[in-house]
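Notebook open, coffee ready. I want to look up how the two chains meet and what sits in the core.

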Amino acid sequence: MTTTFELPRTETPPEPKKTGSFTIIAWSGDLDKIWPTLILATTAAASGRPTSIFFTFWGLFALVRNDRGITGTSWMQKMLAFMNRGGIANVKLSKMHFAGMGKAMMMSLAKKYNVASPQELLELAQDAGVRLIPCQMTMDMMGLKREDLIAGIEEPVGAATVIALAEGDTTLFI
Amino acid sequence: MSVTVTRTLDLKGLSCPLPIVKTAKALRELAAGEAVEVLATDPGSVKDFAAWSHTTGNELLESTQDGAVYRFVIRKK
């Protein structure tokens with residue numbers, strides 16, 4: 001049996017409501033926050049909105065290459081990278097991580113229900129033209145170099161660029 | 001007025017946001033006025049495709065359900 005859903009009846013297609021820019025400041029490096037950030041960003045781009053994500057503080061570690069290992073030059077930066085391994089594949093749950101067991105279960109649920117992983121979404125975001133922008137100050141402080149970060153991202157910038165991006169229609173801090 | 005469906009996207013089994021993201025990606029390769037048929041099983045996609053077509057201006061010509069499969073016909077703006 002076929003059910004037909006009611007469509008809005010208009011003579012001409014309605015004008016697009018909002019096509020202004022969509023900016024997310026990705027501060028958290030938690031899997032359960034980076035994930036919705038990437039879901040919203042890919043969907044905003046798919047909806048025709050110029051979309052940017054500014055990766056700062058813990059969030060910047062999601063842009064580190066998965067194979068990068070220990071980053072930084074000083075012992076403190078290296079210790080930090082050891083405790084907080086960079087790479088989208090290495091992000092942790094904010095709760096119930098249980099040394100990786102919780103995350104493994106979450107990823108297995110995602111696979112079972114055909115939910116795209118953060119890694120896939122990051123690639124889809126790049127493909128859809130989402131601007132991925134690293135924070136210069138975080139890079140300096142955490143000892144992350146341009147070659148530690150994935151390819152296809154923008155040049156590192158500072159807060160003033162983010163304030164300019166935030167003149168757009170939607171700005172989220174996640 | 002007749003609409004020619006240029007291609008069919010089988011997005012059955014995929015969860016949010018993939019049905020929308022993959023449809024938008026496929027539409028990039030279509031010319032304005034061409035239509036695509038989308039098959040999905042995500043129940044949220046019924047409202048999502050209506051909202052997305054409203055946002056983008058791509059016209060949702062059909063939104064139907066056959067069993068567990070939702071069918072959408074979208075014409076590119």
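I started with B:Phe72. Skipping its neighbours within four places in sequence, I found it in contact (heavy atoms within 4.5 Å) with ten-odd places to check off, including B:Val36, B:Val38, B:Phe49 and B:Leu60. B:Glu37, B:Glu62 and B:Ser63 are also among them.

A note to self: this is a predicted model, where local features need pLDDT of at least 70, side-chain atom pairs count only at pLDDT 80 or more, and totals for chains, interfaces and linings use all residues. Residues are numbered from 1 along each chain as written, chains are lettered from A and ligands numbered from 1 in written order, and side-chain values use heavy atoms, without hydrogens and water.Next I looked up the cores, meaning sets of buried (under 20% relative accessible area, 1.4 Å probe, protein chains only) Ala, Val, Leu, Ile, Met, Phe, Trp, Tyr and Cys residues joined through side-chain atoms within 4.5 Å. The largest nonpolar core has 57 residues, and B:Phe72 is one of those with the most contacts inside it, as are A:Ile53 and B:Ile74. Helix H1 of chain A (residues 31–46; a DSSP run of H or I, at least four residues) gives the most to this core, with 9 residues. I also found a second, separate core of 7 residues, including A:Ile25 and A:Phe54.

Then I turned to the interface. How many residues does each chain bring to the contact? Chain B gives 28 and chain A gives 27.

I counted 2 salt bridges between the chains (a side-chain nitrogen of Lys or Arg within 4 Å of a carboxyl oxygen of Asp or Glu). One salt bridge joins B:Lys25 to A:Asp127, with the closest N and O atoms 3.3 Å apart.

Terms used: Buried means under 20% relative accessible area, exposed over 50%, partly exposed in between (1.4 Å probe, protein chains only). Helices (H or I, at least four residues) and strands (E, at least two) are DSSP runs, numbered from the N terminus.
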